Each structure stands twice: as C-alpha cells, then as structure tokens.
Amino acid sequence: MDRQSAKAELTSHMKVLRAFAMSLTRNDAAADDLVQDTVLKAWSNLDKFQEGTNMRAWLFTILRNTFYSGRRKAVREVEDSTGSITESLSVKPAHDGRLQLEEFRRALGELPVEQREILTLIGVLQYSYEEAAEVCGVKVGTVKSRLNRGREALAAKMQLDANEQLELTDAATHAVVAANNGTAA
C-alpha cells in the first residue's frame, strides 16, 4: 500500500477511532491524545501493516493496546502536582558540601587567631562560655564579643546573608557558624 492511499484510509477511520477512544477514556482531551498516539504509532509502523487486511481492526488494536499500556503505567505513577514528593526524594550532591567545607576552612583560617580560637572552642568542641573564658584567660564578655565578631567575619568572608541557611557536611562546622544563644547548634 503506498503512503498516499494509506494516509487516505487512515484518515477515513478517525471518527470511529475517536468514538472508541471516548468509550475507553470518557474524557475529550484524553481521547484526542489517545487517537493522536494511535495514528502516530500506525503511521510510523505502516510497513508492518499487511495489505489486504482490515486497517480499522489494526488501528483499533493499536488504540486499545496504547490505552491499556497507559493504564498499567499510570498505576505505577504517583501524582505530585505540588512537587513535594519529588522534593523529598532529591539529594544534594556530596561535592557541594565538600566545596562549602573547603570555603569554610579557608575563611576560618583568615580570621584573627583570637576569633578562630573562640569559634573552635565553642562551636566545634562545644565548650561553654565560662570554659572558653578559662582556657583563653579572658572574661566571659570577651568570649562573647570574640564569638560574635568571629561569626560575623566568617559569614562575611563566605558571603552569607543573615537569612541564608548554611548547608555544610558536618554538624560541628555548622555549629561554628550558627549563633544559637551562645551555644553550639
């Protein structure tokens, strides 16, 4: 069968294909999509159609198989119109954390030794203000001041704004940066 006569016969069955699709889907848009998929599959597989056989039956078989394949696939799919399921499945790449950790280490190394010392004692080692003051031989107020200035300088060096959440690879690093009433986060 040449392409021209196949096209003419195929288009002559459009109304009955749509009616059959409507009986299966009970939805105008879904029926139109199903007919379109059927015609596309039929046209791309026209070489498999055996001349002299019933084209309408062949098209109905394609339409029916397409419909039931779609239903089987739909059973396995979960609708996620808000994106909440997809969002919960996503994983931040591990290299992002390593890059941020390296940036953190560089920025921490650029701080004055007094600020770096206090950030390490309180943020990483989880010392209290009093313990850090005793280790450094300074007053608690000095510890608080160095801690605050150190955190601000670190955030500035890392170009973090006040509302931005820092996502680093370990809790200790996060604790150094995050201010939580003077205790480690």
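Contact is taken here to mean heavy atoms within 4.5 Å. On that basis, among contacts in the chain of this predicted model between residues at least 6 apart in sequence, 61% join residues at least 24 apart. The secondary structure consists of 10 helices and zero strands, so that, read from the N terminus, the elements follow the order α-α-α-α-α-α-α-α-α-α. The chain has 185 residues, 30% of which count as buried, and its accessible surface comes to about 12,300 Å², with 50% belonging to carbon and sulfur atoms.

The largest nonpolar core comprises 19 residues, among which Ile118, Ile122, Val143 and Leu154 touch the most other members. At least two residues of this core are supplied by each of helix H6 (94–110), helix H7 (113–124), helix H8 (129–136) and helix H9 (140–157). When neighbours within four places in sequence are left aside, isoleucine 118 is in contact with Gly123, Ala132, Cys136, Val143, Arg146 and Leu147. A second core, separate from that one, contains 18 residues, including Ala6, Ala21, Leu24 and Leu34.

On the surface, a nonpolar patch is formed by Val124, Leu125, Tyr127 and Val135, which together have about 330 Å² of accessible area. Of these residues, tyrosine 127 is located in the loop between H7 and H8. Its relative accessible area is 31%, and tyrosine 127 is therefore classed as partly exposed, since that class lies between the limits of 20% and 50%.

Four salt bridges are present in the structure. In one of them, the side chains of arginine 18 and aspartate 28 meet at 3.5 Å, N to O; because arginine 18 belongs to helix H2 (residues 14–25) and aspartate 28 to helix H3, this pair ties together parts that are 10 residues apart in sequence. Arginine 18 also forms a salt bridge with aspartate 32, for which the closest N and O atoms are 2.5 Å apart. Aspartate 32 likewise lies in helix H3, with arginine 18 in helix H2, so this second pair ties together parts that are 14 residues apart in sequence. The participating residues are partly exposed, with a relative accessible area of 29% for arginine 18, a relative accessibility of 47% for aspartate 28 and one of 36% for aspartate 32.

A further salt bridge links arginine 106 with glutamate 110, the closest N and O atoms being 3.1 Å apart. Both residues of this pair lie in helix H6, where arginine 106 and glutamate 110 are four residues apart, about one turn of the helix. Arginine 106 is partly exposed at a relative accessible area of 40%, and glutamate 110 falls into the partly exposed class at 42% relative accessibility. Elsewhere, Arg18, Asp28 and Asp32 are joined into one network by salt bridges that share partners.

Helix H3 (residues 28–44) also contains glutamine 36. With a relative accessibility of 54%, glutamine 36 counts as exposed, because the exposed class begins over 50%. The C-alpha atom of glutamine 36 is separated by 9.6 Å from that of methionine 14, although the two residues are 22 residues apart along the chain.

Conventions
Residues numbered from 1 in each chain as written. Predicted model: local features only at pLDDT ≥ 70, side-chain atom pairs only at ≥ 80, totals over all residues. Heavy atoms only, no water. Core = buried A, V, L, I, M, F, W, Y, C linked by side-chain atoms within 4.5 Å. Buried < 20%, exposed > 50% of the residue type's maximum accessible area, 1.4 Å probe, protein only. Patch = residues over 30% accessible without salt bridge, like charges linked within 9 Å, V, L, I, M, F, W, Y side chains within 5 Å. Areas by Shrake-Rupley, 256 points an atom, 1.4 Å probe, with all protein chains shown as cover.
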